[in-house]
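Work through these exercises with the structure open beside you. Try each task before you read its solution.

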Amino acid sequence: MSMVSAVVSAQSFTLDGLEYKVMEVGKCELIACHSQASTIQIPETVTYLWKQMSVVKIGESVFADNTTLENLTLPTTLESIGAYAFKNCNGLKELILPDKLEFIRDYAFQNNQSLKELILPVSCKLAGDCVFEGVNMKIYTSGVTEAEKQMWDIIITNECFSNAGIFSGASIRRAKVKRLAPSMFLDCELLEHVKVERHPDDNQDYGINIPHRAFSGCKSLKTVDSPPFAGIGSGAFYRTGLTSIELSEELKSIGIDAFAESQIQSIDIPASVSRLERGAFRGAPLSKVTGCEGITYIGKRAFEGTTDLESIPYMPLLEELSPLAFMDSGIASFVFGPNFITENRGAYDLNINDKQFKNCTNLKELVCLCLPPLTKFKQYSEEDNAFAGCNVDFIDVHVPAGKWWEYQQYYPWYNFKWYYDDAEEYLQKYLAAGVEDVESEQSVDAVSITSSGVNVEYGIGKSIHVYDTMGRMCYSSRHYDGEDIPLGKGLYILTVDGKATKIKI
């Protein structure tokens with residue numbers, strides 16, 4: 001108990017160079033350090049006006065920018081560490097956090113470069129933004145083994161209540177956490193591998209969400225090992241070094257700038273995803289996109305600047321293509337399916353006259369299955385139309401039989417020179433170039449016509465989709481169960497993991 005050298009001012013008082021403030025009956029907060037000593041021990045209790053109080057809190061900025069402090073002993077009574085408490089406290093060599101500690105607040109250890117390791121009590125909550133921003137230390141929850149410490153720089157099972165990067169800018173390479181938080185690893189340029197385990201309180205039957213900007217700026221990121229994603233937030237992998245990632249059927253959304261300016265090169269988008277938000281893959285070296293069967297909406301600049309991307313799968317459910325969606329990309333062909341929204345809904349609605357394919361000089365082929373033609377009644381300038389900067393003299397346009405004259409009446413379609421009345425037939429070629437044919441009572445590669453439809457013996461567990469000749473999806477499964485696919489008489493295109501077969505029933 002400390003009772004000497006007391007200086008009193010209102011409800012604050014100073015003992016041994018440490019200034020305290022009365023909080024409530026029996027408790028006080030350390031609010032300032034006036035000592036220049038290299039070794040300091042904060043007492044568990046102090047006495048003020050003959051009343052004994054427990055020291056339960058270190059207040060805001062108490063040891064911030066203190067470069068003389070090397071050894072600090074915290075009281076076992078400590079419950080909370082305030083904002084900026086140890087910011088730039090770069091003389092401190094070691095710090096043992098007491099078991100009763102409940103909260104660490106905003107920027108508490110910001111830019112602390114001298115501490116090499118910190119052990120968090122199991123019950124401690126990281127209840128602030130950027131708690132460990134810019135640090136160069138290893139951080140573990142109590143109970144981590146020495147073997148685990150050799151493998152990981154961070155192992156955290158603590159609760160995180162944060163709106164911004166807990167570890168943003170930290171010098172870490174490998175991290176294991178129970179739950180991700182927004183901007184958690186923002187600008188951790190050395191981070192290479194992250195393992196995310198399910199939190200006990202999470203629903204074990206659903207995927208996890210990757211919060212906005214969780215890995216943004218992680219230029220060295222190579223792998224993220226986690227349960228299936230249910231959602232990828234805005235900027236989650238923005239400017240990361242990630243080259244590929246596996247997505248599951250549990251994924252529902254890909255947010256704004258989710259993979260923008262990252263190093264992502266290939267991606268399989270599951271049928272469960274219906275929207276690609278603004279800038280989703282903007283500026284990435286993306287060269288291969290598969291899946292996309294469930295996409296209904298592609299946001300503004302979603303594939304802008306993807307110069308290595310020459311093709312994208314047919315999206316039978318696509319309804320809207322936002323402005324600049326493929327601007328400056330390498331796209332060579334595109335199919336407007338039968339569900340694409342063509343009606344005029346007002347001068348400011350998104351439609352086909354908004355530079356969707358601006359400067360796509362590699363564009364050579366368009367397949368249009370929708371009627372009426374894609375246009376607005378309002379005529380845009382040449383600079384604003386969907387194909388501005390494209391060489392329309394060398395683009396083949398495939399439209400429904402007998403409808404080429406309708407397209408040529410509308411802007412910007414009357415700029416094109418090469419029309420073909422074979423959209424339905426050409427779609428088969430687009431989907432199934434070099435495919436095998438299966439007639440009734442025949443079987444190729446265990447694709448069999450049955451009394452109730454089609455059975456794909458070798459397709460069990462694989463991704464299977466069936467389209468009619470108008471490009472409408474008749475059946476879709478990412479994990480085929482081996483049951484007959486019910487189909488009526490007609491001509492179909494069946495794809496199994498991307499390999500297509502023409503079927504006539």
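**Exercise 1. Locate Thr76, state whether it is buried or exposed, and list its contacts beyond its sequence neighbours.**

Step 1. Thr76 sits in the loop between β8 (71-73) and β9. Helices (H or I, at least four residues) and strands (E, at least two) are DSSP runs, numbered from the N terminus.

Step 2. The model is predicted: local features need pLDDT of at least 70, side-chain atom pairs count only at pLDDT 80 or more, and totals for chains, interfaces and linings use all residues. Residues are numbered from 1 along each chain as its sequence is written, and side-chain values use heavy atoms, with hydrogens and water left out.

Step 3. Now the surface. Buried means under 20% relative accessible area, exposed means over 50%, and partly exposed lies in between (1.4 Å probe, protein chains only). Thr76 has 45% relative accessibility, so Thr76 is partly exposed.

Step 4. Now the contacts (heavy atoms within 4.5 Å). With neighbours within four places in sequence set aside, Thr76 contacts Glu44, Pro98 and Lys100. Pro98 is 22 residues away from Thr76 in sequence, yet their C-alpha atoms are 5.1 Å apart.

**Exercise 2. Do the same for Lys149: where is it, is it buried or exposed, and which residues does it contact?**

Step 1. Lys149 lies in helix α1 (residues 146-151).

Step 2. Its relative accessibility is 12%, so Lys149 counts as buried.

Step 3. Leaving out neighbours within four places in sequence, Lys149 touches Glu117, Ile119, Lys138, Tyr140 and Val144.

**Exercise 3. Find the strands that pair with β7 and give the sense of each pairing.**

Step 1. Recall the rule. Two strands pair if DSSP finds at least two bridges between them. Strands of a sheet pair through backbone hydrogen bonds, either parallel or antiparallel.

Step 2. Take strand β4 (residues 27-33). It pairs with β7 (residues 51-58) in the parallel sense, over 4 bridges. Here Lys27 stands opposite Ser54 of β7.

Step 3. Take strand β6 (residues 45-48). It is joined to β7 by 4 bridges, and the two run antiparallel. Thr45 has Ser54 in β7 as its bridge partner. β6 and β7 form a hairpin with 2 residues between them, and Leu49 in the turn has a positive phi of about 50°.

Step 4. Take strand β9 (residues 80-81). It runs parallel to β7, with 2 bridges. Lys57 is matched with Ser80 in β9.

**Exercise 4. Which residue of β16 has bridge partners in both β15 and β18?**

Step 1. Strand β15 (residues 174-177) and strand β16 (residues 193-196) pair in parallel over 4 bridges. Lys176 stands opposite Lys195 in β16.

Step 2. β16 is also joined to strand β18 (residues 223-225) by 3 bridges, again parallel. In β18, Asp225 is the bridge partner of Lys195.

Step 3. The residue is Lys195.

**Exercise 5. Give the strand order of the open sheet that contains β26, and name its edge strands.**

Step 1. The order is β26-β27-β28-β29, 4 strands with parallel pairing.

Step 2. β26 (333-336) and β29 (418-420) are the edges: each has a single partner strand, so one side of each has no neighbour in the sheet.

Step 3. Neighbouring strands here are turned by 15° against each other on average, direction ignored. The angles use axes, which are lines fitted to C-alpha atoms (for helices over the stretch in contact), and run from 0 to 180 degrees between N-to-C directions.

Step 4. Zoom in on one pair. β26 and strand β27 (residues 365-368) are parallel over 4 bridges, and Val335 stands opposite Val367 in β27.

**Exercise 6. Which residues have the most contacts inside the largest nonpolar core?**

Step 1. A nonpolar core is a set of buried Ala, Val, Leu, Ile, Met, Phe, Trp, Tyr and Cys residues joined through side-chain atoms within 4.5 Å.

Step 2. The largest has 119 residues, and Phe63, Phe185, Phe215 and Phe237 have the most contacts inside it.

Step 3. A second, separate core has 13 residues, including Ile449, Ile464, Ile485 and Val496.

Step 4. Check one residue. Beyond four places in sequence, the residues that Phe63 touches include Leu30, Ile58 and Phe86.
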